[in-house]
Amino acid sequence: MNSLKTNTILLCEHCGDTCQNQHITLRNMVFCCDGCKSVYQILNDYNLCEYYDLNNHPGLKQTNHIRKEKFAFLDNPEIANKLIQFTDGSRTHVTFYLPQIHCSSCLWLLEHIHRINPGITSSRVNFTNKEVFIIFDPLVISMRGVVELLTHIGYEPHLSMEDVSRHQLRHIDRTRWYKIGLAGFCFANIMMMSFPEYFSDGATLEPLIKRTLTIIIVILSLPVITYCASEFFINAWNGLKNKYLNIDAPIALAILITFGRSLYEIITATGTGYLDSMSGIVFFMLIGRWLQDKTYQTISFDRDFRSFFPIAVNVLKDNNIKTVPVDQIKINDIIIIHHQELIPVDAILSKGHAEVDYSFVTGESLPVNVNKGEIIYAGGKQTGSIIELLVVKEVSQSYLTNLWNKENTSKTISAQHSFIDVMGRYFTYIILTIGAIAGGYWLWKGETHLMWNALTTILIVACPCALLLSASFTRGNILRILSLNKFYLKNANVIESMSHIGTIVFDKTGTLTENHKTNVSYAGMFLSPTLKTRIASVLNHSNHPLSKVVLLYLDTPPTSHIESFKITEHQGIEAWVDEHHLKIGSQEFVGGLMPHNGKSNVAVSIDSQPIGVFHITNTYRQGVFDLFKSLKRKYTLSLISGDNNNEETRLREKMGNDCVLLFEQSPYDKLDYIRYLQDTKKEKVLMIGDGLNDAGALKESHIGIAVCDDENNFTPAADGIIHASKISLMDNILEYIKSGKKIILLSFAISIAYNIIGLFFAVQGTLSPIIAAILMPCSSISIILITFGLSQLFAKKYNLVNSE
């Protein structure tokens, strides 16, 4: 019989979570835990409750009790100074990364924390990067005090070894911003100064005014071609050095010809040139590329192992506890690890009982019990009480570090050239051929002036800039829409690579399943309150992870008296309770019950009579089984997991009989499987994983996507990052990405229509500057509007708009 539980409908005033215990109240308000209540009290005491007015239940659940000495390491000047950006003794500048930032209430509260402690002079939030820049007076509040204050109000900074390893401020490259601003300024002013000449046809302008405007126009065009357009020339030259004509080569040629033709007309007084068109094209192309690169500036894709390490740990020396930076830990040091702390080195358990969560390193979904004298590997997280460890390897030699460095391989398949480059190359050949034919024709006719006019105007009007603009703005819009759906790609080139994928490989733990969540069902005789209490009392003496899962499910206090108990390793526990003999464990240990395939089981018997079985399964993310149903019609699917094969039957049913399912796979096994698909099967592979155990496979695959519950926290380096709640949209995302090529081709075709009109006049050598000046901006603006409209249309088709 399955037991059912009803949930209260009361929501926590702070975080909005369901309140299971209705006794945690304050002034007629209900809270889910004491942590949420404490945060509310702090904000209320300092008149900061406007925080709750901006959004409903804006806080985050305060799941863990903050240990008093957790941030004591910040009292160490050697560590604290590495986090400081500037100090003069009375003002100290520091920036913290706060992954909890998610709404306007967060922004408002963090920028008003000076009300809580006057030692904080000011605070400024970078919402996009989830960072807060704080200026504080070190004579009033210490670095540790600032961090503890942020933690107490629900915004614990993420501090890692990577933060203190930086010897200088993180550099923000604003070069493209400067180029866009300068190109836009020059374009607008050149266009404005060209209008009198265009519409007067040179008849009514005073010579002095005309000469002055011309000089200013030339001066304004110089920074555009020498600075703003420099990346096009650099990329073109690099391509030519490698004997490859990329899309930047014809762009650079068109810019040079436009500039040269314009100078020629100005110097010889035969025309006004096309400097406004040149500046406009550079301006629009830079904007397109900025849109493409925007996501990479806000999401961290290239993490190294240091971002997973804490800054410092407690070391026990001469019966005294001292805080030591992680990179200074030596062999034979004794370190103290508390509940929910990461273990940064390989060490031997010397005191206490360890329950280590290796899910991020190995993929095993359940914690591992470690006994005294056994080794614990770096990267695990202690889920039990305080333990003492004897260090056997330094950080630089630990399992976690070696795993990261060994798997930090480059892609085995060289990147293929973009279809944009191929189209641009052929387009350039066609335009050069048309130009040569038209120029040759007028030369044969003896019209030298018309020859040069035809040659240059053809290259100006039919500039392949339309193709680059189409690609840049289409990909930029695709990246923008994907980011609204919490799917972030490293750069625009990933879009085209993803459109060629034929095989998708999934990790299981943390990717398809929700972290640290299980489903428990019970089959057997009715569990009375007395029987529940007896079972709970026995399970309370077992440290096995499955025992704890069942104990949590029973939600019954273990109050029965245990007369004696015996634990059989890897089998179960038996005990005498109230003159009854209970056996709890594997079905082979308990006996008399048929195995239940596809699930982890905890069987129970009383006085040698089996009474029931608790079935434990992973909690799969919402929509993943529907995702398999749609994907298997288009792609080859595989699953490789470090977990056991208890779920194989269930997954086989959902993913199909043709799907490859591999369990108990080490990180190196995963890496080898990806290489096998690439080298032997010649497949284009998309790998979707979440943990460090997937890092090698993510890097080796053609495209690696990291799944995370927070976009900016604890993800291995990858080509893309997707929020766990959005993984069910992966099929729609892949189809939307494929539509990008259609959008580029369609918008390019429309822009070609403008070019054909211009070419009709250009080959005759009769195209006037004003027509060229109108055609080129119209073509650019039409591309921007078309790509935006089509991107939105396809996004709506694949249900990727208005995503929360």
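**Exercise 1. Find which residue of β28 stands opposite Phe487, and place this pair in its sheet.**

Solution. In this predicted model, Phe487 stands opposite Ile722, a residue of β28. The next step is to look at the strands themselves: β16 and strand β28 (residues 720–723) are joined by three bridges and run antiparallel. Widening the view, these two belong to an open sheet of seven strands, ordered β16-β28-β27-β26-β17-β24-β25, in which the pairing is mixed. The edges of this sheet are taken by β16 (487–489) and β25 (660–662), and because each has a single partner strand, one side of each is left without a neighbour in the sheet. From one strand to the next, the twist averages 15°.

**Exercise 2. Determine which strands helix α20 lies across, and at what angle it runs to β17.**

Solution. Helix α20, made of residues 624–631, lies across two strands, β17 (503–506) and β24 (636–640). Its direction is at about 160° to that of β17. Both strands can be found in the order of the open sheet, where β17 is followed by β24.

**Exercise 3. Describe how helices α9 and α10 cross, and work out which residues make the contact.**

Solution. Begin with the axes: those of helix α9 (residues 230–241) and helix α10 (residues 248–268) come within 8 Å and cross at roughly 130°. Angles of 65 to 115 degrees count as roughly perpendicular and those over 145 as roughly antiparallel, and the crossing angle therefore makes α9 oblique to α10. As for handedness, α9 passes α10 in a left-handed crossing. On the side of α9 the contact is made by Phe232, Phe233, Asn235 and Ala236, while α10 brings Asp248, Ala249, Ile251, Ala252, Ile255 and Leu256. Sorted by class, the residues in this contact are eight nonpolar, one polar and one charged.

**Exercise 4. Decide whether Gln382 is buried or exposed, and find what it touches.**

Solution. Gln382 has its place in strand β14, which covers residues 381–382. Buried means under 20% relative accessible area, and since Gln382 has 0% relative accessibility, it counts as buried. Leaving aside residues up to four places away in sequence, Gln382 touches several others, among them Ile337, His338, His339, Glu355, Val356 and Ile387. His353 is also one of the residues it touches; the two lie 29 residues apart along the chain, and their C-alpha atoms are separated by 9.6 Å.

**Exercise 5. Establish how β22 and β23 are connected, and how far β23 is enclosed.**

Solution. Strand β22 (residues 600–606) pairs with β23 in the antiparallel sense, over seven bridges, and within this pairing Ser600 stands opposite Ile616 of β23. The two strands form a hairpin with two residues between them, and in the turn Asp607 has a positive phi of about 55°. Turning to burial, 10 of the 12 residues of strand β23 (residues 609–620) are buried, so this strand is largely enclosed by the rest of the structure.

**Exercise 6. Work out how many residues of helix α18 are buried, and what follows the helix.**

Solution. Helix α18 spans residues 545–554, and it is mostly covered, with seven of its 10 residues buried. These buried residues are Pro545, Leu546, Ser547, Val549, Val550, Tyr553 and Leu554. Just after α18 comes Asp555, which takes a positive phi of about 50°. For the protein as a whole, which has 804 residues, buried residues make up 53%, and its secondary structure comes to 25 helices and 28 strands.

Technical notes:
Residues numbered from 1 in each chain as written. Predicted model: local features only at pLDDT ≥ 70, side-chain atom pairs only at ≥ 80, totals over all residues. Heavy atoms only, no water. Axes fitted to C-alpha atoms, helices over the stretch in contact; angles between N-to-C directions. Helix = DSSP H or I, 4+ residues; strand = E, 2+ residues; numbered from the N terminus. Parallel < 35°, antiparallel > 145°, perpendicular 65-115°, else oblique. Left-handed = near helix turned anticlockwise from the far one by under 90°. Contact = heavy atoms within 4.5 Å. Nonpolar A, V, L, I, M, F, W, Y, C, P; charged D, E, K, R; others polar. Pairing = 2+ DSSP bridges. Buried < 20%, exposed > 50% of the residue type's maximum accessible area, 1.4 Å probe, protein only.
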